[in-house]
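Reader: I would like to learn how to read a model like this one. Where should we start?

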Amino acid sequence: METYQVGDGWDALGDPTRRAILACLADRPRAVGEIAAELPISRPAVSQHLKVLKDAGLVTDRAAGTRRVYRLNPAGVAALRDQLDTFWNRALAAYQDVTDQPTEESS
């Protein structure tokens, strides 16, 4: 079983501001200033949150003139989705096991 790792996507998503940034980027790629204009935080704060999201593999960036444009990283988001699917399938399998066991009334 994997242990907690720095840069983990789930850890990064634990912050509501980072979730809001991801929601902005889900619409379209944006520069830091565009993201900051939609949130009640400063541009430097947005940059710090984007660094955490980038380190977690959830966003990527590219240079566009003098600014950086950020977008969701499909591979990072897909990895989280795969983990959720695994958790969900395990939970369903465990539920199936419980419901398939005979109850005391039917024995």
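The dialogue below goes from the whole chain to single residues.

Author: One caution before the details. This is a predicted model.

Reader: How many helices and strands are in the chain, and in what order do they run?

Author: Start with the elements. The chain has five helices and three strands. From the N terminus, the order is α-α-β-α-α-β-β-α.

Reader: How do I read the radius of gyration of the chain?

Author: Set it against the value for a compact globule. For 107 residues, that would be near 13 Å. The chain has 20 Å. The box tells you about extent along the principal axes. The C-alpha atoms fill roughly 75 × 25 × 25 Å.

Reader: What do burial and surface add for the chain?

Author: Read them as two separate numbers. Buried residues are 26% of the 107 in the chain. The exposed area is about 7500 Å², and carbon and sulfur atoms supply 55% of that area.

Reader: What about charge: how far apart are the mean positions of the positive and negative charges?

Author: Count each sign, then compare the mean positions. The chain has 13 positive and 15 negative charges. Their mean positions lie 17 Å apart.

Reader: How many of the contacts join residues at least 24 apart in sequence?

Author: Take contacts between residues at least 6 apart in sequence. Of those, 48% join residues at least 24 apart.

Reader: Now the interior. Which residues of the largest nonpolar core touch the most other members?

Author: The general idea comes first. In soluble globular proteins, nonpolar side chains tend to be buried together. Here the largest nonpolar core has 17 residues. Ile21, Leu25, Ile35, Val46, Leu50, Leu53 and Leu58 touch the most other members. Three helices each supply at least two residues of this core: α2 (16-27), α3 (32-38) and α4 (43-55).

Reader: Take Leu25. What does Leu25 touch beyond four places in sequence?

Author: Set the sequence neighbours aside and list the rest. For Leu25, that leaves Arg30, Ile35, Leu50, Val59, Tyr70, Arg71 and Leu72.

Reader: Is His49 buried or exposed?

Author: Use the relative accessible area. His49 has 15%, so this residue counts as buried, the cut-off being under 20%. His49 sits in helix α4. Beyond four places in sequence, its contacts are Asp15, Thr17, Arg18, Ile21 and Ile41.

Reader: Thr17 is on that list. Why does Thr17 count as partly exposed?

Author: Apply the cut-offs again. Thr17 has a relative accessible area of 22%, so Thr17 is partly exposed, a class that runs between 20% and 50%. Thr17 belongs to helix α2. With sequence neighbours left out, Thr17 touches Ile41 and His49. Thr17 and Ala45 are 28 residues apart in sequence, yet 9.6 Å apart from C-alpha to C-alpha.

Reader: Where is Val52, and what is its relative accessibility?

Author: Read place and exposure together. Val52 lies in helix α4. At 31% relative accessibility, Val52 is partly exposed. Outside four places in sequence, Val52 touches Ala12 and Arg18. Its C-alpha is 9.6 Å from that of Leu13, with the two positions 39 residues apart in sequence numbering.

Reader: Last, a loop. Where is Gly57, and which residues does Gly57 touch?

Author: For a loop residue, name the flanking elements, then look for distant partners. Gly57 is in the loop between α4 and β2 (59-64). Gly57 touches Asn73 and Gly76, sequence neighbours aside. Gly57 and Gly76 are 19 residues apart in sequence but 5.1 Å apart in space, C-alpha to C-alpha.

Key: Residues numbered from 1 in each chain as written. Predicted model: local features only at pLDDT ≥ 70, side-chain atom pairs only at ≥ 80, totals over all residues. Heavy atoms only, no water. Core = buried A, V, L, I, M, F, W, Y, C linked by side-chain atoms within 4.5 Å. Buried < 20%, exposed > 50% of the residue type's maximum accessible area, 1.4 Å probe, protein only. Helix = DSSP H or I, 4+ residues; strand = E, 2+ residues; numbered from the N terminus. Contact = heavy atoms within 4.5 Å. Rg over C-alpha atoms; globule rule 2.2 N^0.38 Å. Areas by Shrake-Rupley, 256 points an atom, 1.4 Å probe, with all protein chains shown as cover. Lys, Arg positive; Asp, Glu negative; His and termini not counted. Charge placed at Lys NZ, Arg CZ, Asp CG, Glu CD.
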